[in-house]
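Could you walk me through this structure, one piece at a time? I am new to it and would like to know where to look.

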Amino acid sequence: MKKNMVKIRKDNPSIQKIKNKCIGCGMCFNVCENIVGIDHSREKLFNPICINCGQCVMNCPMASLQTKYQYNDVLKVLKDKKKKVSISIAPAVRVSIGDLFGYSYSDNLEKILPTLFRKLGFNYVFDITFGADVTIMEEASELLERIKKSKNLPMFTSCCPSWVKYLEMFHSDLIPNLSTCKSPIGMQTALINSYFKESKYLKKDIINVVVAPCTAKKYEANLNKTDYVITTQELALMIRESGIDIFNLEESNYDELLGEGSKCGLMFGRSGGVMESALNTFSYLVNKRPSLPSRFHIDNRDGIFTKKYKIGEYDVRVAVVYGLKNLEKILEHKEDYDFIEVMNCPNGCIGGGGQSILQIKDLPKLRSERETSINNTDKKYNYPYENKYIIDLYNNYLDCSLSKKSEKLLHTKYKDLSKKIK
């Protein structure tokens, strides 16, 4: 009896299927429906449901399902010396790219990545923890406004494009509850094309490349005008094909103006990190003083975390979930919460569908050690509101969180996609 298999459209921007490699084992369908939580009974044959998360890619034993590669296109662009090309590195990539070159699972290559990308030919090298810091400033301010007005609560995080697409399809009635903040990549791209470009007096557009742990970011790129998204796996292919010896690279810094972000920005790479960061900044906005670093620590290795915090005059009820099956459990009692962080992939971005694949059985260990590595990495700044790059951005360009300029550049609207499943 033929087992169910995930259907992939040819125009899927994230995933492709190599049919002659497929053995019909049904692993992809099992992961998609029973672990990710997609209800394929509502699927039309001509319009298969996909949230672009790539967990089917991570779990396919025959590599029949693969990421849609863009790294060759990026290499071609780098050869054109007339073009200015930037690359931005997501938090979870730095604790996973080493896996593919013999480093231990917990090694963080953050300091050598700027050198690597300059050797590859990129003109500008940015850290997406900066974009994450901006997200925190905007999102914490947005949460405070909603709580003051008791409007559109609970507020959901909007960093994970797979989750956002899932909501647009399966829970479109909750669109008003989504944070209007763009993801860190969306914010970073917008600021490169405006703040950085104007500060450098550049006349031509910058080609924006992002290296992410996530295949869904390829889908999101079409929405936020990022030119190319390559995954951690693709980055490894670029390094090998370029003949760079990754073991003999000196440390260097990210480019100014969009310099490195804070510890909070780095925490976006794991489940619970967005919530921790937002609550720390929310507390600062309310109390006008930094929180103790350990106050909002969230360990969400089991998929669901709930708690109530007293912050100034506010009782803030929060939930942190990864996996959409876990989310559905929370949605049954959504009125019990003010703020909900949602990520699709196991343990958050560190378990993203574009991360390194060594052996499927090693994935839980990989994710655990990546999380430990992120937690143990020190940064110059703990919080975004003390990050000099963020302070300069708001003082010199945005004025303040939720200003007219930030609303225009850094916030977005969503679409009702429920017709895709009706």
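Where is the place of N387? N387 sits in the loop that runs between α13 (363-376) and α14 (388-398). Keep in mind, as we go, that this is a predicted model. N387 has a relative accessibility of 0% and, because buried means under 20%, N387 counts as buried. Setting aside its neighbours within four places in sequence, N387 is in contact with D133, E260, G261, S262 and Y381.

One of those partners, D133, leads us to the next stop, since D133 of α5 also takes part in the contact between α5 and α14. The axes of these two helices are 10 Å apart, and the helices pack at an angle of about 60°. That angle makes α5 oblique to α14. Their crossing is right-handed. On the α5 side the contact is made by F130, D133, V134, M137 and E138, and on the α14 side by Y389, I390, L393 and Y394. Sorted by character, the residues of this contact are seven nonpolar, no polar and two charged.

Stay with helix α5 (residues 128-149) a little longer, and find E142 in it. Is E142 buried or exposed? Its relative accessible area is 7%, so E142 is buried. Not counting residues up to four places away in sequence, E142 touches M155, L178, S179, T180, C181 and L402.

M155, one of the residues that E142 touches, brings us to a sheet, with strand β5 (155-156) at one edge. Four strands make up this open sheet, in the order β5-β10-β9-β8, and their pairing is mixed. The other edge strand is β8 (304-311), and each of the two edge strands pairs on one side only. To see the mixture, follow β9 (residues 314-322) and look to both of its partners. With β10 (residues 339-343), β9 pairs in the parallel sense over five bridges. Along this pairing, V320 stands opposite E341 in β10, and Y322 has M343 as its bridge partner in β10. With β8, in contrast, β9 runs antiparallel, and eight bridges join the two. Here K307 stands opposite V318 in β9. Strands β8 and β9 form a hairpin with two residues between them, and in the turn G312 has a positive phi of about 60°. Strand β9 is mostly covered, with seven of its nine residues buried.

Now move to a second sheet. This open sheet also has four strands, in the order β4-β3-β6-β7, but here the pairing is parallel. Its edge strands are β4 (124-127) and β7, each pairing on one side only. On average, neighbouring strands of this sheet are turned by 25° against each other, direction ignored. Look at β6 and β7, which run parallel and are joined by four bridges. In this pair, V209 stands opposite Y228 in β7. Helix α8 packs on the sheet, where it touches β6 and β7, and the direction of α8 makes about 170° with that of β7.

From here you can step to helix α9 (residues 232-242). Which residues of α9 are buried? They are T232, Q233, E234, L235, A236, M238 and I239. These buried residues pack against β2 (65-67), α3 (71-79), α4 (113-120), β6 (207-212), α8 (216-224) and β7 (228-231). After α9 comes G243, whose phi is positive, near 70°.

Among those neighbours, α4 is a good one to finish with. The axes of α4 and α9 come within 11 Å of each other and cross at roughly 55°. The two helices are therefore oblique to each other. Their crossing is left-handed. The contact brings together L116, F117 and L120 of α4 with L235, M238, I239 and S242 of α9. Its residues divide into six nonpolar, one polar and no charged.

So you have now seen two helix crossings, one right-handed for α5 and α14 and one left-handed for α4 and α9. You have also met two open sheets, one with mixed pairing and one with parallel pairing.

Key
Residues are numbered from 1 along each chain as its sequence is written. This is a predicted model: local features need pLDDT of at least 70, side-chain atom pairs count only at pLDDT 80 or more; totals for chains, interfaces and linings use all residues. Side-chain values use heavy atoms; hydrogens and water are left out. Two strands pair if DSSP finds at least two bridges between them. Buried means under 20% relative accessible area, exposed over 50%, partly exposed in between (1.4 Å probe, protein chains only). Contact means heavy atoms within 4.5 Å. Axes are lines fitted to C-alpha atoms, for helices over the stretch in contact, and angles run from 0 to 180 degrees between N-to-C directions. Angles under 35 degrees count as roughly parallel, over 145 as roughly antiparallel, 65 to 115 as roughly perpendicular and the rest as oblique. A crossing is left-handed if the near helix is turned anticlockwise from the far one by less than a right angle, and right-handed if clockwise. Ala, Val, Leu, Ile, Met, Phe, Trp, Tyr, Cys and Pro count as nonpolar, Asp, Glu, Lys and Arg as charged, and the others, Gly among them, as polar.
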